[in-house]
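User: Could you walk me through this one? I'd like to go over the packing, the ligand site and the cysteines.

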Amino acid sequence: MTKAVLITGGSRGIGRSCARLLGAQGWSVGVNYAQNRAAAQETVAEVERAGGRALPIPGDVANEADVLAMFDTVQQTFGRVDALVNNAGIVAPSSQLADMDLARLKRVFDVNVLGAYLCAREAARRMSTDRGGAGGVIVNVSSAAARLGSPNEYVDYAGSKGAIDTMTLGLAKELGPRGVRVNAVRPGLIDTEIHASGGKPDRAAQLGASTPLGRPGSADEVAQSIVWLLSDAASYVTGAILDVAGGR
Ligand code: NAP
């Protein structure tokens, strides 16, 4: 039977690449997005061209009601939820902590931490075998920032991703006996629009050149790792945090 996955932030960047690659493997894909419906519709079209089924699903991961509705939509449309790619995330413009206001700090932690926890919670409720689920897989999208700290750029973002790493470790132990594998990927400098949203559109190209592999990564290169972690080929992998960062 066709498996179904919810990808938060599936409309662009790493999420879109995951959607397309999973569609090519026959998955049904819930393509969550925050605001950019046109981008989500393009992702849906890419999934369908690749051979899968897909649906655009609006919702803010930091809003509990939205998160419940996102999972309900996947379950009602595709009849099941087998996996979560916990990918939605934001950065704010580069700054020292001393210059960050409360609104910025709240939003970064609301989306990157609370949002990821709410989505993981819903996945746990619906996939855990002791709650009537059939088991499943969660892949959390962290960042190399979690171990680098991102000084003078965004220590808020780095800390939010540290929380994702820690959640991954705890949730893997909590859900392993309940049929759910939980892993994380830590992308490095990846060529997506997130850098423009932080005010530095050329950041990945500029800093990527100084990494051991000498270039930024592509969204597809991160997505390939996520797709592997979702697959049965990774059936004995849980609690792993995989750097996809070109050696950075
Ligand atoms: P991106 O190109 O900026 O795309 C962000 C995606 O997240 C979009 O689909 C956006 O939806 C969605 N989104 C933003 N806020 C949301 C919210 N509150 N609720 C639901 N969806 C929301 O980002 P990306 O580079 O692909 O990043 C994906 C993940 O990888 C993030 O967690 C990021 O921290 C992580 N990461 C990225 C890099 C990198 O270098 N690119 C490095 C390390 C980690 P709309 O289209 O509607 O705006």
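Analyst: Sure, here's a short round of questions and answers on this predicted model.

User: Which residues touch the most other members of the largest nonpolar core?

Analyst: That core has 30 residues. Ranked by how many other members they touch, the top ones are V29, I226 and L230.

User: Which element gives the most to this core?

Analyst: Several elements each supply at least two residues, including β1 (4-7), α1 (13-24), β2 (28-33) and α9 (219-230). The biggest share, seven residues, comes from α9.

User: What is L230 in contact with, leaving aside its neighbours within four places in sequence?

Analyst: L230 is one of the residues touching the most other core members. With those sequence neighbours set aside, its contacts are L22, W27, A83, V85, V137, V139 and R181.

User: How many residues are in the other core, the one with V111 and M167?

Analyst: This core lies apart from the largest one. A4 and V180 also belong to it, and its total is 29 residues.

User: Is S225 buried or exposed?

Analyst: S225 sits in helix α9. Not counting residues up to four places away in sequence, it touches V185, L242 and V244. Buried means under 20% relative accessible area. S225 has 15% relative accessibility, so it counts as buried.

User: Which residues come nearest to the ligand?

Analyst: There are 33 residues around the ligand. Of these, the nearest are S11, Q35, N87, Y157 and T192.

User: How much of the ligand's accessible area does the protein cover?

Analyst: Start with the backbone: an N or O atom of I14 is 2.8 Å from a ligand oxygen, and one of A34 is 2.9 Å from a ligand oxygen. A polar backbone atom of G188 also lies 3.2 Å from an oxygen atom of the ligand. On its own the ligand has 910 Å² of accessible area, and the protein's coverage of that is 95%.

User: How many disulfides does a search of the whole structure find?

Analyst: A disulfide is a covalent bond between the sulfur atoms of two cysteines. The closest cysteine sulfur to that of C119 is in C18, 14 Å away, so the two are too far apart for a bond. The search of the whole structure gives a count of zero.

User: And what relative accessible area does C18 have?

Analyst: C18 is in no disulfide. C119 is buried, at 0% relative accessibility. C18 is buried as well, and its relative accessible area is 0%.

Technical notes:
Residues numbered from 1 in each chain as written. Predicted model: local features only at pLDDT ≥ 70, side-chain atom pairs only at ≥ 80, totals over all residues. Heavy atoms only, no water. Core = buried A, V, L, I, M, F, W, Y, C linked by side-chain atoms within 4.5 Å. Buried < 20%, exposed > 50% of the residue type's maximum accessible area, 1.4 Å probe, protein only. Helix = DSSP H or I, 4+ residues; strand = E, 2+ residues; numbered from the N terminus. Contact = heavy atoms within 4.5 Å. Near = heavy atom within 4 Å. Polar contact = N/O pair within 3.5 Å; in protein donor to acceptor, adjacent residues only side chain to side chain. Areas by Shrake-Rupley, 256 points an atom, 1.4 Å probe, with all protein chains shown as cover. Disulfide = S-S within 2.5 Å.
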